Each structure stands twice: as C-alpha cells, then as structure tokens.
Amino acid sequence: MADSQKLEDEAMTQDLNSQTEYEDFMKSSNRGLAQDLKTKAGMEEALAMAKMDLVSTKADIMSTLKILEGLHAYKGDLHKSCDFISNNFEARQSARQAEMEALAEAKAILSGMKS
C-alpha cells in the first residue's frame with residue numbers, strides 16, 4: 001500500500017512538473033510567435049516602403065533619361081552651329097575685310113568730292 005501511495009505521489013509530481021513544463025513551453029512559444037508576427041509585420045512594411053521607393057526611383061530615372069536625351073540633342077545642334085561658324089570663319093573674315101576696304105574707298109571717294 002505504501003509503495004502504491006509512493007508511486008501515485010511520484011506520478012502526481014511528475015504530472016504537475018509536466019504540466020508546468022508544458023505551460024512554460026506554451027508561454028515561451030506564444031511569446032516567440034508574437035515576436036515573429038511583429039517581425040513579419042515590420043518586414044512587410046519595409047517591403048512595401050521599398051516597393052514605393054523602387055517605383056519612385058524608376059520614375060526619376062525615366063525623367064532623367066528624357067532630360068539627358070534633350071541635352072544630347074541640344075549638344076548636337078550646338079555642335080553643328082559651332083562647326084558652321086568655325087568652317088566659315090575665314091570666308092566671313094575675308095568678306096568683312098573686303099567690305100571694310102570698299103567702305104574705305106567709298107569714303108575716300110566721297111571725301112574727294114567735298115574738296
């Protein structure tokens with residue numbers, strides 16, 4: 001009878017210990033799950049923000065590319081204009097010099113008429 005009582009007491013103690021361990025395990029698991037849910041929510045929020053940043057960055061890139069294309073076209077036009085001026089500089093200088101000489105001759109002729 002004493003052995004039976006001792007076994008029953010040990011069984012009850014083990015049952016209480018097991019119950020306590022189970023409760024501790026469940027509390028720990030629930031804390032872990034709650035933390036995982038917070039982490040997941042934080043990661044989902046960070047992912048959403050990253051996606052918004054990506055869309056914004058892509059729009060900025062497209063805008064910048066359009067500006068660069070416009071600047072490239074402007075550079076080409078400016079280069080053509082500069083090439084025209086450089087290529088025709090000597091001819092324009094010669095024409096200008098001839099015009100100045102003609103004006104000087106005309107001035108001399110007109111000055112001679114006064115006298």
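Mentor: Let's start with a term: a salt bridge is a side-chain nitrogen of Lys or Arg within 4 Å of a carboxyl oxygen of Asp or Glu. Keep in mind that this model is predicted, with local features needing pLDDT of at least 70 and side-chain atom pairs 80 or more, while totals for chains, interfaces and linings use all residues. Residues are numbered from 1 along each chain as its sequence is written, and side-chain values use heavy atoms, leaving out hydrogens and water.

Trainee: Okay, so how many salt bridges does the structure hold?

Mentor: Lysine 40 is one partner and glutamate 44 the other. Their closest N and O atoms are 3.8 Å apart. For the whole structure, the number of salt bridges is 1.

Trainee: Which helix holds lysine 40 and glutamate 44, and what separates them?

Mentor: Helices here are DSSP runs of H or I with at least four residues, strands are E runs of at least two, and numbering goes from the N terminus. The two residues sit 4 residues apart in helix H1, so what separates them is about one helical turn.

Trainee: Is lysine 40 buried, partly exposed or exposed?

Mentor: Buried means under 20% relative accessible area, exposed over 50%, and partly exposed in between (1.4 Å probe, protein chains only). Glutamate 44 has 47%, so glutamate 44 is partly exposed. Lysine 40 comes out at 48%, so lysine 40 counts as partly exposed.

Trainee: What share of the chain's residues count as buried?

Mentor: Let's try a few residues along helix H1, which covers residues 2-87. Isoleucine 61 is partly exposed because its relative accessibility is 45%, and asparagine 17 is partly exposed because its value is 42%. Alanine 34, also in helix H1, has 38% and so is partly exposed too. Over the 115 residues of the chain, the buried share is 0%.

Trainee: How many helices and strands are there in the chain?

Mentor: You've already met helix H1, home to asparagine 17 and isoleucine 61. Counting over the chain gives 2 helices and 0 strands.

Trainee: What is the chain's radius of gyration?

Mentor: That radius is taken over C-alpha atoms, and the globule rule is 2.2 Å times the number of residues to the power 0.38. The C-alpha atoms fill a box of roughly 160 × 25 × 15 Å along the principal axes. A compact globule of 115 residues would come out near 13 Å, but this chain has 48 Å.

Trainee: What distance separates the C-alpha atoms of asparagine 17 and serine 111?

Mentor: Try another pair as a warm-up: alanine 34 and leucine 78 are 44 residues apart in sequence, and their C-alpha atoms are 65 Å apart in space. Asparagine 17 and serine 111 are 94 residues apart along the chain, and their C-alpha atoms are separated by 131 Å.
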